[in-house]
Amino acid sequence: MAPANSIDTSSYANLDEVVTQNLSLDIRIDVAGRRLCDDSTATLSLAARVAGVAAATLDIRGLDILEVTDAADGAPLDYTVVAVAGNLGGTLRITMPPTFAAAAGATATVVVRYTTDGLGGEGGAGGACGWLTAAQTASGAHPFVFTQSEAIHARSIFPCQDSPSVKCPYTTCLTVRAPLVAVASALAVGEPVAVSGPDGGDWVRYHFEQPIPVPAYLVAFAAGELVSRDLSPRCRVWAQPSVIEAAAYEFAEVETLLSTAEKIAGPYVWGRYDLLTLPGSFPYGGMENPCLTFVTPTLLAGDRSLVSVVAHEIAHSWSGNLVTSGTWTHFWLNEGFTVFLERRILESLHGSGVAGLSTYGGRQALGDYVSSVGESHAYTALEPVLADDTDPDDAFSVVPYERGYNFLLHLRQLLTPGDDPAPFDAFLRYYFNRFARCSITSDDLRQALAQYFPDSAATLAEVDWHAWLHAPGGLPTSVSVDESLLHQAHALATIWAATTKSVDGVAAATATAVATATTESLASWPAAQLCAFLQHLGALTSVTRGGTPLDSSVVGALDTVGHFNDCRNSEVRALWLRVALAAHYEPAVANAKQFVTSQGRMKFVRPLYRLLASVYPGGGMARALFEEHRDRLHSIASKMIEKDFADQSAVGAVA
């Protein structure tokens, strides 16, 4: 189905004619029954963009619409439901009150009563809700639910204009059975209130308000056995009781990250910055839901070595949440700016060497993606063209993150040459302030650059916007960064890779490599440097790149000196498994199976399933593992892994 608007190909709503001004949700969640109950309502305040609008069309997916009324007088409104209008879901077309057609700017408020399981219904596109049985949680005592609405899954939990071009404030009341606790991407209002449910059971009602306009994909909630610990006056961490102390330790420095971000990007406007450590099936590293970042438990390394993911989600408080890409084609404005700000935070706190390692890792990941899908693939462009009825999840990759970051790094070098980041930081503050609460496109960025740097018109005229935004392939150019820690990591990786071609034999070359690793104090390197070492070692020994895999005995020696098979840092662990499995290092097989089935973060599970399938194709081990554990995965992850099995050339998502 072609979209019913000229604004966003990912939405069936009539965005040209109607805009949502306010949203109020009242949802009763039966967590054990895996359902948003049939007294749940979405109240939408709508405004006509033009005169003569007779109906409002909203996006839905897997919703059972029970009733639509006019909030002004409770009168029923006629409506039509198309359950599956195309690949993106269905539509709810509401006949508006006659006064709505009178003029542009006319308003009306509709109340939609509905029920759903939040899984997306027919079509296989997936839904926002991740339902977990008690057995699938850390304590095993109570069921759990969380939502993941990016990119276009909000339509599976409430009717909406599911497009980043539409932002509005929202409130929500969430009612759950005691003793479960509900949280949301908004500010808590008052204390929870005990209420009676239709079954006479004990229920608790929680009220939240988000006064800052947000797109539908940032409306989020979770409910389960949750407790919290304060980290600072404005920061708190939520988690299951058995996880809370580890989470509080891991994220103790969040206030420092937030304060550092404010110095670069400007005041934090969202009031609170809390984190929710979710059960392992959460499909991303983090999700930047306002006021309440959702994070994966794969960040709990025990040594605070994975704070860069939190820095990334904090950066989204400005880029993506406050200033939002107008469509998914312009998604790089969310992620490219966020990676840029993330690495500025890391540079401020840990030095340019650590930020340089992060940049190198990102460039490697981008190169891997481009090599895998081909330099001419449309999705390697920074602004990919999404055809009508294309799910944005299908285009999700490392490109908007890393190509976007490198474009901004290129612009900074051209416009504010030198080693001082402060002048371009000042532009960032101008940009975030100018476009706060707006949805924008790349053209808006170009105008902002021209107006902020009026004396650099000639320089801006030389920027090859087409090459950066629209041409497929690798980076048009790369800006040099601090590579001091990188060179050390690469030098050691080269020594280990040389064991595959040593004229003195594997054993002698391995002994040299072990001695060098010991001298270099490999075990004391920061996690980012270990990642650079393993990433380069994997590249040097990759068959697809003309290398020779390491002998399993060499990998065993590396494990002895680096203790990689026992590492709790998920980033290091994932890269280690790529090297170890390629060498058929058997102790890594059990490690890989445990890792791929104990969490559902797509960054890790997708490439690991593909790797297991390619290294151990006989017997279908990878497929059997997936089928055995797929019920623990979020529907988004299951959908994408299925596609990976169908196409072994696919490249995994990054988050």
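Contact here means heavy atoms within 4.5 Å. The model examined is a predicted one. By that contact cut-off, and leaving aside neighbours within four places in sequence, tryptophan 496 touches Thr510, Ala513, Val514, Ala517, Phe533, Leu537, Leu550, Val554, Ala557, Leu558 and Val561. Trp496 belongs to the largest nonpolar core, which has 212 residues. Together with Phe158 and Phe533, Trp496 ranks among the residues with the most contacts inside that core. Phe533 thus appears twice: as a contact of tryptophan 496, and as one of the three residues with the most contacts in the core. In soluble globular proteins, nonpolar side chains tend to be buried together.

Charged pairs come next. The structure holds 28 salt bridges. One of them joins aspartate 39 to arginine 28, with the closest N and O atoms 2.9 Å apart. This pair links distant parts of the chain. Aspartate 39 lies in strand S2 (residues 35-48), and arginine 28 lies in strand S1 (residues 18-30). The two residues are 11 residues apart. Their burial was also computed. Arginine 28 has 11% relative accessibility and counts as buried, because buried means under 20%. Aspartate 39, at 37%, counts as partly exposed.

A second salt bridge connects arginine 155 with aspartate 162, at 2.9 Å from N to O. Both side chains belong to buried residues: arginine 155 has a relative accessibility of 0%, and aspartate 162 has 2%.

A third salt bridge is formed by glutamate 402 and arginine 343, at 2.8 Å from N to O. This pair, too, links distant parts of the chain, with the two positions 59 residues apart in numbering terms. Glutamate 402 sits in helix H6 (residues 399-415), whereas arginine 343 sits in helix H4 (residues 332-350). Glutamate 402 is buried, with a relative accessible area of 7%. Arginine 343 is buried as well, at 6%. Elsewhere, salt bridges that share partners join Arg623, Glu627, Arg630 and Glu642 into one network.

Helix H4, which carries arginine 343, has 19 residues. H4 reaches 26 Å from its first C-alpha to its last. That span is close to the 27 Å expected at 1.5 Å a residue. The helix is mostly covered, with 15 of its 19 residues buried. Just after H4, glycine 351 takes a positive phi of about 100°.

Four strands form an open sheet in the order S8-S9-S15-S11. Their pairing is antiparallel. Strand S8 (129-132) and strand S11 (181-184) are the edge strands, and each pairs on one side only. Neighbouring strands of the sheet are turned by 10° against each other on average, direction ignored. S11 is joined to strand S15 (residues 221-224) by four bridges, and these two strands run antiparallel. Within that pairing, valine 181 has glycine 224 in S15 as its bridge partner. Strands of a sheet pair through backbone hydrogen bonds, either parallel or antiparallel.

Several backbone features fall in loops. Most residues other than glycine have a negative phi, and most peptide bonds are trans. Two cis peptide bonds are described here. One joins glutamate 150 and alanine 151, with omega about 10°. Alanine 151 is placed in the loop between strand S9 (144-147) and strand S10 (168-177). The other joins alanine 178 and proline 179, again with omega about 10°. Proline 179 occupies the loop between S10 and S11.

Positive phi values also occur outside glycine. Aspartate 389 has a phi near 70°. Aspartate 389 lies in the loop between helix H5 (352-373) and H6. At 13% relative accessibility, aspartate 389 counts as buried. Histidine 563 has a positive phi of about 55°, although it is not a glycine. This histidine 563 is found in the loop between helix H14 (552-562) and helix H15 (570-582). Histidine 563 is partly exposed, with a relative accessible area of 47%.

Methods
Residues numbered from 1 in each chain as written. Predicted model: local features only at pLDDT ≥ 70, side-chain atom pairs only at ≥ 80, totals over all residues. Heavy atoms only, no water. Core = buried A, V, L, I, M, F, W, Y, C linked by side-chain atoms within 4.5 Å. Buried < 20%, exposed > 50% of the residue type's maximum accessible area, 1.4 Å probe, protein only. Salt bridge = Lys/Arg side-chain N within 4 Å of Asp/Glu carboxyl O. Pairing = 2+ DSSP bridges. Axes fitted to C-alpha atoms, helices over the stretch in contact; angles between N-to-C directions. Expected span 1.5 Å × (residues − 1).
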